[in-house]
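Please look over this protein chain with its sequence at hand. The report below goes through its strands, its helices and a few residues worth finding on screen.

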Amino acid sequence: MPADPSPGLAGDPPARGAGRRPRSAATQQTRASVTSAVEVRRSTRRSRTVSAYREGDRTIVLIPARMSEAEEQRWIGVMLDKLAAQESKRVIGDGELTERAERLSGQYLEGRARPASVRWVTNQNTRWGSCTPAEGSIRLSHRLQGMPEYVVDYVLLHELAHLLVPGHGPRFWRLLEAYPRTERARGYLEGIVAADRLPHLPAAREE
């Protein structure tokens, strides 16, 4: 599985004419929104409905062509909230967690990190994840369940990197540079830590 989950839906499903590539400039206009990682696609085929879904690292928001800029920005916020609410309700099992670990290793670590086991645990209240390189085992705190999947992927990749480099020195952080949402995920977790005094993060790398 890629770093981000498979496309999820919020609101109405995309119309057939609102695919990845617009059929023509007359029927659909595609442009990047001012909101980071959000692409707004306007379609004359839509009169009132708005929908959104994930596409890789982006969120696609489908809106009627005549919608004003102010309405567009309001609906972007609404649909992002809906997607986040949907994703927060989804909890993946140990089997899918293992599959994600294998895919993340292949995508970002050249397949070199090969965990023997990956599972959720409920006894980790002082950190988000842990690994035992000698056993090849990775454990993720159940506190991550319900958080955005890019955050879970970051923690999972973090522990996979520990199978290759045990500490948090420059070599370790270089392994995570390929993951495009490292800083965003760290910021999310640091916000949780600050708000609730939950597990702390390792200090950022020192050059």
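## Strands around β5

Strands β4 (residues 51-55) and β5 run antiparallel and are joined by 5 bridges. One contact point to find is Tyr 53, whose bridge partner in β5 is Ile 60. This is a predicted model.

On to another partner of β5. Strand β3 (residues 38-43) runs parallel to β5, and 6 bridges join the two. Here Val 40 has Val 61 of β5 as its bridge partner. Is β5 mostly covered or mostly open? Strand β5 spans residues 58-64, and 6 of its 7 residues are buried, so the strand is mostly covered. In general, strands of a sheet pair through backbone hydrogen bonds, either parallel or antiparallel.

## How confident is the model?

The chain has an average pLDDT of 77. A score of at least 70 is reached by 73% of the residues. Confidence is highest in strand β8 (residues 137-141), with a mean of 96. It is lowest in strand β1 (residues 9-11), with a mean of 31.

Residues 1-36 need care. Their pLDDT is below 50. Even so, this stretch has 96 contacts in the model beyond near neighbours in sequence. Where pLDDT is low, the predicted coordinates should not be read in detail.

## The open sheet

Which strands form the open sheet, and in what order? There are 3, in the order β6-β8-β7, and their pairing is mixed. Strands β6 (117-121) and β7 (129-132) stand at the edges. Each has a single partner strand, so one side of each is left without a neighbour in the sheet. On average, neighbouring strands here are turned by 20° against each other, direction ignored.

Now take one pairing. Strands β6 and β8 pair in the parallel sense, over 5 bridges. Trp 120 stands opposite Leu 140 in β8.

## Helices on the sheet

Helix α2 (residues 94-108) lies across β6 and β8. Its direction is at about 130° to β6. Helix α3 (residues 149-162) also packs on the sheet, where it touches β6, β7 and β8. The direction of α3 makes about 150° with that of β8.

How many residues of α3 are buried? The count is 14 of 14, so α3 is largely enclosed by the rest of the structure. From first C-alpha to last, α3 reaches 20 Å, close to the 20 Å expected at 1.5 Å a residue.

## A closer look at α2

Helix α2 has 15 residues. It reaches 21 Å from its first C-alpha to its last, close to the 21 Å expected at 1.5 Å a residue. Its buried residues include Leu 97, Arg 100, Ala 101 and Arg 103. Leu 104, Ser 105 and Tyr 108 are buried too. Their cover includes β6, β8, α3 and α4 (170-176).

Just after α2 comes Glu 110, in the loop between α2 and β6. Its phi is near 60°, a positive value in a residue other than glycine. Is Glu 110 buried or exposed? Its relative accessible area is 71%, and the cut-off for exposed is over 50%, so Glu 110 is exposed.

## Two aromatic pairs

The structure holds 2 aromatic pairs. Tyr 108 and Tyr 179 form an edge-to-face pair, 5.4 Å centre to centre with 85° between the planes. This pair links distant parts of the chain. Tyr 108 is in helix α2, while Tyr 179 is in the loop between α4 and α5 (182-196), and the two are 71 residues apart. Buried means under 20% relative accessible area. Tyr 108 has 13%, so it is buried. Tyr 179 has 2%, so it counts as buried as well.

Phe 172 and Trp 173 also pair. Their ring centres are 5.1 Å apart. Their planes meet at 85°, so this pair is edge-to-face. Phe 172 is buried, with a relative accessible area of 0%. Trp 173 counts as buried at 6% relative accessibility.

How values were computed. Residues are numbered from 1 along each chain as its sequence is written. This is a predicted model: local features need pLDDT of at least 70, side-chain atom pairs count only at pLDDT 80 or more; totals for chains, interfaces and linings use all residues. Side-chain values use heavy atoms; hydrogens and water are left out. pLDDT is the predictor's confidence in each residue, from 0 to 100. Helices (H or I, at least four residues) and strands (E, at least two) are DSSP runs, numbered from the N terminus. Contact means heavy atoms within 4.5 Å. Two strands pair if DSSP finds at least two bridges between them. Axes are lines fitted to C-alpha atoms, for helices over the stretch in contact, and angles run from 0 to 180 degrees between N-to-C directions. The expected span of a helix is 1.5 Å times one less than its number of residues. Buried means under 20% relative accessible area, exposed over 50%, partly exposed in between (1.4 Å probe, protein chains only). Rings of Phe, Tyr and Trp (its six-membered ring) pair if their centres lie within 6.5 Å; planes under 30 degrees apart count as stacked, over 60 as edge-to-face and the rest as tilted.
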